[in-house]
Amino acid sequence: HKIVAMTNEEITNKINEFLVEEFEVEMDAISPEGSLKDVLELDSLDYVDLVVLIEGNFGFKVKQEDFTNILTFQNFYDYVIAKVNTTAIA
């Protein structure tokens with residue numbers, strides 16, 4: 001199961017697409033500085049869904065504690081980009 005290298009922009013776009021689809025939020029509601037939790041109205045179950053989506057779309061395991069520092073969409077993008085880049089190299 002090979003991970004194909006993606007650009008940061010492709011990763012960000014893919015994240016936005018599944019957030020819009022899964023959390024029924026408008027694309028223009030998503031901004032890098034926006035609060036992930038507030039914009040998506042996440043509760044604890046939604047975080048589980050988010051983890052499943054990330055793992056399914058990007059092929060790496062997410063730990064619950066990884067989310068402690070993810071407050072904005074940009075934090076979320078940076079996290080996924082870093083993980084994807086690490087996984088693709090490994």
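The accessible surface of the protein chain in this predicted model comes to about 5700 Å², and 51% of that area belongs to carbon and sulfur atoms. The chain carries 6 positive and 18 negative side chains. The centres of these two sets of charges lie 13 Å apart. Of the 90 residues, 38% count as buried.

The secondary structure consists of four helices and zero strands, so that, by the DSSP runs on which the assignment rests, the order of elements from the N terminus is α-α-α-α. The C-alpha trace spans about 35 × 25 × 20 Å along its principal axes. The radius of gyration is 12 Å, which agrees with the value near 12 Å that a compact globule of 90 residues would have. Among contacts with a sequence separation of 6 or more, 58% are accounted for by residues 24 or more positions apart.

Helix α1 covers residues 8-23 and includes Thr 12. Thr 12 counts as buried because its relative accessibility is 18%, and the cut-off for burial is under 20%. The side chain of Thr 12 reaches the backbone oxygen of Asn 8 at a distance of 2.9 Å. When neighbours within four places in sequence are left aside, Thr 12 is in contact with Tyr 77 and Ile 81. Both of these partners carry numbers that fall within the range 73-89 given for helix α4.

Phe 23 is also found in helix α1. The relative accessible area of Phe 23 is 14%, and the residue is therefore buried. Beyond residues up to four places away in sequence, Phe 23 touches Phe 18, Leu 40, Leu 42, Asp 46, Asp 49, Leu 50 and Leu 53. Of these partners, Leu 40 is placed in helix α2, while Asp 46, Asp 49, Leu 50 and Leu 53 have numbers inside the range 44-58 of helix α3. Phe 23 and Gly 56 are 33 residues apart in sequence, and their C-alpha atoms are 16 Å apart in space.

The loop between α1 and α2 contains Glu 24. Glu 24 has a positive phi of about 50° although it is not a glycine. With a relative accessible area of 71%, Glu 24 is exposed, because the cut-off for exposure is over 50%. A positive phi in a residue other than glycine is also found at Glu 41, where the angle is near 55°. Glu 41 is located in the loop between α2 and α3, and its relative accessible area of 66% makes this residue exposed.

Helix α2 is formed by residues 36-40, and Leu 40 is part of it. Leu 40 counts as buried, since its relative accessibility is 5%. The contacts of Leu 40, not counting residues up to four places away in sequence, are with Leu 19, Phe 23, Val 25, Ser 35 and Phe 73. Among them, Phe 23 belongs to helix α1, and Phe 73 has the number at which the range of helix α4 begins. Leu 40 and Glu 26 are separated by 14 residues in sequence and by 9.7 Å in space, C-alpha to C-alpha.

Tyr 47 lies in helix α3, which comprises residues 44-58. The relative accessibility of Tyr 47 is 17%, so Tyr 47 counts as buried. Apart from neighbours within four places in sequence, Tyr 47 is in contact with Lys 37, Leu 42 and Phe 67. Leu 42 is likewise listed among the residues touched by Phe 23. Between Tyr 47 and Glu 65 the C-alpha distance is 11 Å, at a sequence separation of 18 residues.

The loop between α3 and α4 holds Phe 60. Although placed in a loop, Phe 60 is buried, with a relative accessible area of 7%. Phe 60 and Thr 86 are 26 residues apart in sequence and 9.7 Å apart in space, C-alpha to C-alpha. Helix α4 is assigned to residues 73-89, a range that includes the number of Thr 86.

Conventions: Residues numbered from 1 in each chain as written. Predicted model: local features only at pLDDT ≥ 70, side-chain atom pairs only at ≥ 80, totals over all residues. Heavy atoms only, no water. Helix = DSSP H or I, 4+ residues; strand = E, 2+ residues; numbered from the N terminus. Rg over C-alpha atoms; globule rule 2.2 N^0.38 Å. Buried < 20%, exposed > 50% of the residue type's maximum accessible area, 1.4 Å probe, protein only. Contact = heavy atoms within 4.5 Å. Areas by Shrake-Rupley, 256 points an atom, 1.4 Å probe, with all protein chains shown as cover. Lys, Arg positive; Asp, Glu negative; His and termini not counted. Charge placed at Lys NZ, Arg CZ, Asp CG, Glu CD. Polar contact = N/O pair within 3.5 Å; in protein donor to acceptor, adjacent residues only side chain to side chain.
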